[in-house]
Amino acid sequence: MSGSLAIVGLGPGPAHWLTPAAQAALDAATDLVGYGPYLDRIPVRQGQTKHASDNRVEVQRAAHALELAAAGHKVAVVSGGDPGVFAMAAAVFEALEAGDPTWRALEITVEPGVTAMLAAAAKAGAPLGGDFCAISLSDNLKPWEVVTARLEAVLAADFVICLYNPISKARPWQLGTALELAAQHRAAQTPVIFARAIGRPDENVRVLRLSEAIAQAGTADMATLVMIGASATRTIAREGTEPYVYTPRSVTKSPCATSQGRT
Ligand code: SAH
């Protein structure tokens, strides 16, 4: 088959956080497929066609991209951040598994991007210096009980927790509930980072205490990445600006000892 499919991560926003390999994949494409606002970030090149779609129909969009590639087009499917993190890459492979067996002969590549939690961590200091995990708070694709069971497990294990999709108009209470759950395992002064629109003109990083974060959960939105510190995560105060946040790489106590010491 002459067509190809590149699944491309655009990074969190600015062009200088797009990898050269991702840029090359975009330049080589005849067709760009993705959620409208992501496509808007890519300058149009002559001879390139953009296929914008809604955010909710990922697998159909992926199947459409595979059809285009099978018809001989050089297709780039784009996602913000990294395409493999809560984004299009999994949808493409889901469509590939269920779809026309001839699609499996297509050349499919994944170009990684800077995911939101790494960009947010870099702005805050080094909060991901110890073990960490990422959880999407969206219950569009999984039951809320699954989210809470996973939160309970990683809180008990004392991970730093990155929350993607923390809140939306349709899901206004989940972040507050997640933070209240965290307060059952972590001290009230645990650092919590609200990192909004990282890399974009309206970027905003706030370092809160867990107790403050619960009270301010409603100030987060869909452009926010929330990071809950582990028991060892600390802040370094700075004059006139947000403190640095870091998690030491060395661990001296077991998670069991941590939960016994909860406040
Ligand atoms: N594939 C993307 C994540 C898609 S899920 C990635 O790797 O980053 C969408 C969620 O990502 C948002 O709700 C938000 O939590 C987070 N996010 C994406 N871009 C962001 C940015 N520039 N700043 C802060 N959070 C961001």
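What volume does the largest pocket have? In this predicted model, the largest pocket has a volume of about 1,500 Å³. That makes a good place to begin a walk through the structure.

Let us look at the walls. The largest pocket is lined by 47 residues, and those lying nearest its centre are Tyr-38, Asn-55, Phe-86, Asn-165 and Met-222. Several helices and strands take part, and those that give two or more residues to this lining are α2 (36-40), α3 (58-70), β4 (74-79), α4 (88-98), α5 (116-124) and β11 (224-228). If you want to pick one out on the screen, try α4: with four residues, α4 gives the most to the lining of the largest pocket. Sorted by class, the lining of the largest pocket has 24 nonpolar, 13 polar and ten charged residues.

Now for the ligand. The space that the ligand takes up is the largest pocket, the one we have just toured. There are 20 residues around the ligand, and the ones that come nearest are Asp-82, Val-85, Thr-115, Met-222 and Thr-224. You may recognise Met-222, which is also among the residues nearest the centre of the largest pocket. By class, this shell around the ligand holds 13 nonpolar, five polar and two charged residues.

Zoom in a little further, and you can find polar backbone atoms beside the ligand. An oxygen atom of the ligand is 2.7 Å from a polar backbone atom of Thr-224. For Asp-82, the distance from a polar backbone atom to a ligand oxygen is 2.8 Å, and for Ala-116 the corresponding distance is 2.9 Å. How much of the ligand does the protein cover? On its own, the ligand has 540 Å² of accessible area, and the protein covers 93% of that.

Before you leave, visit the second largest pocket, where about 300 Å³ of space lies. This pocket is lined by 18 residues, and Asp-158, Ser-231, Ala-232, Val-251 and Lys-253 are the closest to its centre. The lining of the second largest pocket divides into eight nonpolar, seven polar and three charged residues.

Definitions and conventions
Residues numbered from 1 in each chain as written. Predicted model: local features only at pLDDT ≥ 70, side-chain atom pairs only at ≥ 80, totals over all residues. Heavy atoms only, no water. Near = heavy atom within 4 Å. Polar contact = N/O pair within 3.5 Å; in protein donor to acceptor, adjacent residues only side chain to side chain. Areas by Shrake-Rupley, 256 points an atom, 1.4 Å probe, with all protein chains shown as cover. 1 Å grid on protein atoms, 1.4 Å probe; cavity = no way out; pocket = protein on both sides within 12 Å on 5 of 7 lines; lining within 4 Å. Sits in = over half its atoms within 2 Å of the grid points. Nonpolar A, V, L, I, M, F, W, Y, C, P; charged D, E, K, R; others polar. Points joined across faces, edges and corners; volume = space filled by probe spheres on them.
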